[in-house]
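Welcome! Take a moment to turn the model around on your screen, and then we will walk through it together.

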Amino acid sequence: MPDRIPEVLRKAPPMKRRTLICWLLCLALFAIPGFAFDDDDVKLLLRVAPQNLQAILDKFDLEVEDAFPEQNLYLVEWEGGDDNDDSDDDDDDDDDDDSESLDRFLQRVRRDPRVLAIEVNQELELREDDDNPLVAPNANPASQALVDRQLVPFHGTQALKGYVEQPAAHRIEVDEVRSLASGAGIVAIIDTGVDTRHPLLRDRLLPGFDFTRNQPVADEIMDLNGQDGGVLTQEAAVFLESLRPTNISSYATPILTQEAAVFLEGARPPSAFGHGTMVAGLVRFTAPDAWILPVKAFDANGKATLFNLVRSIYYSASKGARVINMSFTLAQPSAEFTRAIHDVTMQGVVCVAASGNDGLQTMVYPAGFPTVIGVASTNANDQRSAFSNFGPQLVTLAAPGEGLITTYPGGYAAAWGTSFSTPLVAGAVALMEQLRPGTTVDQAIGALSQAKPIGDAGLGFGRLDVSKALAGRLVQP
């Protein structure tokens with residue numbers, strides 16, 4: 001539980017401030033209201049001291065499926081149905097149904113003083129890949145940037161000219177700071193994994209971990225129907241313009257190498273395939289010399305479990321990440337998810353998260369947490385993107401999020417969405433880390449507050465300005 005009011009609550013935009021009471025209430029949540037189950041077998045997250053684990057399992061007829069011992073956290077299965085071990089439920093004698101509801105069961109478990117916490121292991125969705133017509137790619141100069149096949153030098157390798165010289169670079173003034181900072185430290189990306197062999201990424205990637213398979217190396221190419229992805233090794237000099245965007249994702253227009261295009265022709269990859277690679281490419285674009293730690297919590301269909309998401313957050317911090325990029329949104333926080341964000345923030349990790357693509361003034365998480373930097377999307381005219389969520393309690397600042405040129409498995413893509421605004425800000429924090437090692441979330445928000453005002457109270461400080469952020473707050477006389 002928090003033992004102090006973070007300084008960031010005083011430095012954040014006025015309406016993004018939270019009282020300590022709100023923060024504690026978030027930590028007190030045990031479940032998402034209204035979450036439904038189709039069968040009696042329910043997966044639960046159980047937090048209990050190791051010496052009490054077996055006694056709790058026996059008492060409540062639970063079975064361990066997975067464990068996260070570093071946090072005394074266990075994934076357990078409850079088969080549901082009748083359990084008369086605890087006589088505390090005599091108040092319900094008038095219930096004709098012998099089976100016990102999930103809510104009653106959780107209440108009963110929580111009454112045991114040895115149980116530190118228990119909640120449902122929810123199944124979560126990336127949500128950034130919704131078929132939202134507001135996000136769908138359209139006629140945009142970005143398409144010309146992809147068609148131009150010229151490769152140019154980029155920090156020890158070669159990259160598509162349209163990637164290196166894309167308009168977003170000029171809008172956020174990252175070109176102005178290339179000689180001053182190129183990034184340092186580790187940026188963890190909790191997402192669908194990455195294309196580990198992409199020539200623009202491979203030299204700056206750490207192995208990471210795939211929590212969907214419980215194995216090292218977060219390579220999202222493994223999601224292609226068990227293929228080894230050999231055709232996606234890329235000699236990125238040949239691109240095809242003819243691959244239809246509808247064969248890929250609702251938020252991206254990809255241009256692939258010839259071999260990759262042939263491999264994918266006639267098939268529709270899973271709905272979120274490539275998402276993590278696209279996010280990684282924009283971290284690399286903003287902070288080209290930072291290390292990228294890919295952490296795969298979502299499968300290629302954009303599905304994750306709460307248990308894997310929580311493990312991913314703690315794993316990122318344990319591997320030395322100074323920044324965690326979270327290009328996903330949850331409608332409600334859970335107890336363990338909130339605890340994980342709080343714990344890593346107190347360790348000095350800066351968390352950056354997408355505000356979401358519903359085009360609403362709303363609250364989503366983790367962007368809505370007071371110590372997380374929530375990022376909205378702007379268009380080429382420095383106006384809020386039609387698809388971008390907004391709101392003074394949700395958004396810290398905005399960044400370009402339309403027609404961004406980034407990496408994609410097998411080539412490059414133009415991307416739309418707050419998922420892709422977010423890594424521009426995460427990369428900016430990695431630039432700060434180079435100039436001031438150990439940059440805290442307080443310092444990062446203070447620097448990012450030197451944004452370009454755009455007259456929209458729902459977009460926090462305004463639009464990201466990397467040059468002002470670094471020169472105004474982090475460069476010492």
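What follows is a short tour of this structure, from the whole chain down to single side chains. Please keep in mind that the model is predicted.

Let us begin with the whole chain. The protein chain has 477 residues, and 58% of them are buried. Its secondary structure consists of 14 helices and 19 strands. How do the contacts run along the sequence? If you take contacts between residues at least 6 apart in sequence, 74% of them join residues at least 24 apart. On the outside, the protein chain exposes about 18,500 Å², and carbon and sulfur atoms supply 48% of that area.

Now zoom in on D210, which you can find in strand β9, residues 209-210. Is D210 buried or exposed? Its relative accessible area is 1%, and because buried means under 20%, D210 counts as buried. The side chain of D210 makes a polar contact of 2.5 Å with the side chain of T212. Leaving aside residues up to four places away in sequence, D210 touches Q215, V217, A218 and K296.

Next, look for the aromatic rings. The whole structure holds 13 aromatic pairs. One of them joins F68 and Y314 in a tilted arrangement, with 5.8 Å from centre to centre and 55° between the planes. What does this pair tie together? F68 belongs to strand β2 (residues 62-68) and Y314 to helix α10 (residues 306-318), so the pair links parts that are 246 residues apart in sequence. Both partners are buried: F68 has a relative accessibility of 11%, and Y314 has 7%.

Helix α10 also carries Y315, which pairs with F211 edge-to-face, at 5.6 Å centre to centre and with 80° between the planes. F211 sits in the loop between β9 and β10, so this pair ties together parts that are 104 residues apart in sequence. Here, too, the partners are buried, with relative accessibilities of 8% for F211 and 14% for Y315.

Rings can also join up in groups. F154, Y163, F285 and Y412 are linked into a cluster by ring pairs. One member of that cluster, F285, has another neighbour to look for: R178 lies over the face of its ring, 5.4 Å from the ring centre. Which ring has the charged end of R204 over it? That ring belongs to W291, and the charged end of R204 sits 3.9 Å from its centre.

Note on methods. Residues numbered from 1 in each chain as written. Predicted model: local features only at pLDDT ≥ 70, side-chain atom pairs only at ≥ 80, totals over all residues. Heavy atoms only, no water. Helix = DSSP H or I, 4+ residues; strand = E, 2+ residues; numbered from the N terminus. Buried < 20%, exposed > 50% of the residue type's maximum accessible area, 1.4 Å probe, protein only. Contact = heavy atoms within 4.5 Å. Areas by Shrake-Rupley, 256 points an atom, 1.4 Å probe, with all protein chains shown as cover. Polar contact = N/O pair within 3.5 Å; in protein donor to acceptor, adjacent residues only side chain to side chain. Phe/Tyr/Trp six-rings, centres within 6.5 Å; stacked < 30°, edge-to-face > 60°. Lys NZ or Arg CZ within 6 Å of the ring centre and 35° of its normal.
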